[in-house]
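Biologist: Got a minute to go through this one with me? I'd like to start with the cysteines.
Modeller: Sure, pull it up.

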Amino acid sequence: MMRRALVLGAEYEMGNLISKALSQYNWYVVAAIDDPQHTVALHSDMTLAELGEKDVELLEQLIQDVDTVFLHLPDPSLGGQVIFSLDTVLALIIKHGRHLMLTTNHYEHQYSRLSKLLFWKATSPITTALPHKLTRQLNAAADAGASISVMCCGHSLSCARPQSYLGMFIKENDNSLTLQSPGPFGQRHYWTYLPDFAENIVHQLSTQKTHHTQLEVSYYPGHLVSIQDIARSLALSCGKPVNVTQLSWGLIEAISLFSPVFRGLAHMRSVWQCGQTIPSSNLLPQQYLFVHTPLEIAVQQSWRQDQ
C-alpha cells in the first residue's frame with residue numbers, strides 16, 4: 001500500500017527536496033504551499049494544496065488523510081517559516097495519531113557565563129542543543145501521545161546568498177572568488193548537503209515498519225569540514241582561484257543593527273570561531289547513512305544550481 005505524506009512549506013528548499021525524495025520512494029505526496037508565487041517542482045503522485053493562515057480545517061483534513069507530516073523549522077533569520085504555528089500542527093498530530101517528521105537547523109548555544117564580559121574570548125567548542133522552548137513543546141506533545149522524529153542538520157552547503165551563510169561568505173569577480181572565513185581557516189563545522197539530508201530521512205522512514213510513540217532526536221553529521229576545505233572544492237567547481245580572507249566582524253556587527261540575517265550571524269560569532277559540540281549519543285554514525293555525496297561533488301552541484 002502506498003504511504004502518504006503531507007509536506008508543509010513545499011515551496012521552500014527543504015520542503016521541495018523532501019517532496020522529491022518521497023516521490024522517488026513511491027510515496028503519495030500532498031505538497032502544501034502558502035505562497036503560490038514560488039516555483040514548485042511537480043513529481044509523480046503529487047498533489048499541490050494552497051493553504052492560507054485561516055485554513056486550519058483544511059490543514060486538519062490533509063493531516064487526517066496521510067501517515068506522516070513533514071515540517072522544516074529553519075533558523076528564523078534565514079526565513080522560510082510555515083504559516084501555521086507548531087502548536088497547531090502538534091495538536092492535530094496528537095488528535096489524529098499521525099507521525100511528525102521535523103527537520104531543523106535552529107539551535108541554542110550554551111555559552112559560558114563569562115562570555116558576557118567584554119574581555120572574555122571563548123576558547124572551547126560551544127555546546128549546541130535544540131532551543132529550550134522547542135524542546136518543551138515537543139516533550140509535552142510526546143507525553144500526550146504524539147509520535148515525533150526530529151532530525152537536526154548543520155549549515156547548508158548552498159551557495160545561494162538568501163538560503164545559506166555560505167552564500168554570504170562568497171564574493172566573486174571575473175577572475176577569482178573570495179571566501180570570507182568567520183573563524184580560523186582550519187576550524188571545522190558541520191555542513192549539510194540538503195539533497196543528501198532529504199534522501200537519508202526518506203530512506204529511513206521508508207525502510208522502517210513502525211513508529212514509536214515517543215520523541216526521537218538525531219543529529220545528521222553531514223560534512224565536518226573547514227572553510228579551507230570548502231575553498232578547495234569551490235576552486236574545482238568554478239575554475240577560478242579562491243582566496244580565503246578573514247571576515248570583518250566589525251562590519252557584521254554594524255550591518256546586524258539593520259539586518260536579521262546578519263544579526264543571527266553575529267550572535268553565532270563564538271561558534272564560528274571555536275566550533276561546536278553536539279550530543280554524541282544522538283549523532284548518526286556515518287555508516288548509517290544511505291547516501292553521502294563527497295564534499296567536492298556536493299559543492300559542485302550546489303555551485304551549478306545557484307549560478
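Biologist: How many disulfides does a search of the whole structure find?
Modeller: Zero, going through the whole structure. Bear in mind that this is a predicted model.

Biologist: Okay, what about Cys-153, where's the nearest cysteine sulfur?
Modeller: That would be the sulfur of Cys-152, 7.8 Å away, and Cys-153 is in no disulfide. The cut-off for a disulfide is 2.5 Å between the sulfur atoms.

Biologist: Is Cys-153 buried or exposed?
Modeller: Buried, because its relative accessibility is 5% and the limit for buried is under 20%.

Biologist: And which cysteine has the sulfur closest to that of Cys-159?
Modeller: Cys-238, but the two sulfurs are 9.4 Å apart, so that's too far for a bond. Cys-159 is buried too, at 9% relative accessible area.

Biologist: Switching topic. What's the overall secondary structure?
Modeller: There are 11 helices and 16 strands in the protein. The protein has 307 residues, and 48% of them are buried.

Biologist: How much of the contact set joins residues at least 24 apart in sequence?
Modeller: 75%, counting contacts between residues at least 6 apart in sequence.

Biologist: And the surface, how much area does the protein expose?
Modeller: About 15,000 Å², with carbon and sulfur atoms supplying 51% of that.

Biologist: Now the inside. How many residues are in the largest nonpolar core?
Modeller: It has 34, and Leu-6 and Leu-8 have the most contacts inside it. Strands E1 (4-8), E2 (28-33), E4, E5 and E8 each supply at least two residues of this core, as do helices H2 (56-64), H3 and H4.

Biologist: Which of those gives the most?
Modeller: H3, with five residues.

Biologist: What is Leu-6 in contact with?
Modeller: Skipping neighbours within four places in sequence, Leu-6 contacts Val-30, Ala-32, Leu-59, Leu-62, Ile-63, Val-66, Thr-68, Val-69 and Phe-70.

Biologist: Leu-59, Leu-62 and Ile-63 are in H2, right? Which residues of H2 are buried?
Modeller: Those three are on the list, along with Glu-60. Looking down the axis of H2, the buried residues fall within an arc of 165 degrees, so they line one face of the helix. They pack against E1, E2, E3, E4 and H3.

Biologist: What other core lies apart from the largest one?
Modeller: One of 31 residues, including Leu-157, Trp-191, Met-268 and Ala-298.

Biologist: Let's look at H4. How far does it reach?
Modeller: H4 covers residues 132-143, so to speak a 12-residue helix, and reaches 16 Å from its first C-alpha to its last, close to the 16 Å expected at 1.5 Å a residue.

Biologist: Which residues of H4 are buried?
Modeller: Leu-134, Gln-137, Leu-138, Ala-141 and Ala-142. Down the H4 axis they sit within an arc of 130 degrees, so they line one face of the helix. On the other side, Lys-133, Arg-136 and Asp-143 are exposed.

Biologist: What covers that buried face?
Modeller: Strands E4 (68-73), E5 (99-104), E8 (147-152) and E13 (215-219) and helix H3 (86-96) are among the elements covering the buried residues of H4.

Biologist: And which residue with a positive phi follows H4?
Modeller: Gly-145, with phi near 110 degrees.

Biologist: Back to E5 for a second. What does Thr-103 touch?
Modeller: Thr-103 is in strand E5 and is buried, at 3% relative accessible area. Leaving out residues up to four places away in sequence, Thr-103 touches Met-14, Leu-71, His-72, Leu-73, Met-151, Phe-197 and Ile-201.

Biologist: One more helix, H8. Which of its residues are buried?
Modeller: In H8 (residues 249-256), Trp-249, Ile-252 and Ser-256 are buried. Seen down the H8 axis they fall within an arc of 55 degrees, so they line one face of the helix. Those residues pack against helices H9 (260-267) and H10 (269-274).

Biologist: Last thing, where does Pro-36 lie?
Modeller: In the loop between E2 and strand E3 (46-50). Pro-36 counts as partly exposed because its relative accessibility is 46%. Its C-alpha is 7.3 Å from that of Glu-50, a residue 14 places apart from Pro-36 along the chain.

Technical notes
Residues are numbered from 1 along each chain as its sequence is written. This is a predicted model: local features need pLDDT of at least 70, side-chain atom pairs count only at pLDDT 80 or more; totals for chains, interfaces and linings use all residues. Side-chain values use heavy atoms; hydrogens and water are left out. Helices (H or I, at least four residues) and strands (E, at least two) are DSSP runs, numbered from the N terminus. The expected span of a helix is 1.5 Å times one less than its number of residues. Buried means under 20% relative accessible area, exposed over 50%, partly exposed in between (1.4 Å probe, protein chains only). The arc is that of the directions from the helix axis to the C-beta atoms. Contact means heavy atoms within 4.5 Å. A nonpolar core is a set of buried Ala, Val, Leu, Ile, Met, Phe, Trp, Tyr and Cys residues joined through side-chain atoms within 4.5 Å. Accessible areas come from the Shrake-Rupley method with a 1.4 Å probe; for residues, only the protein chains shown count as cover.
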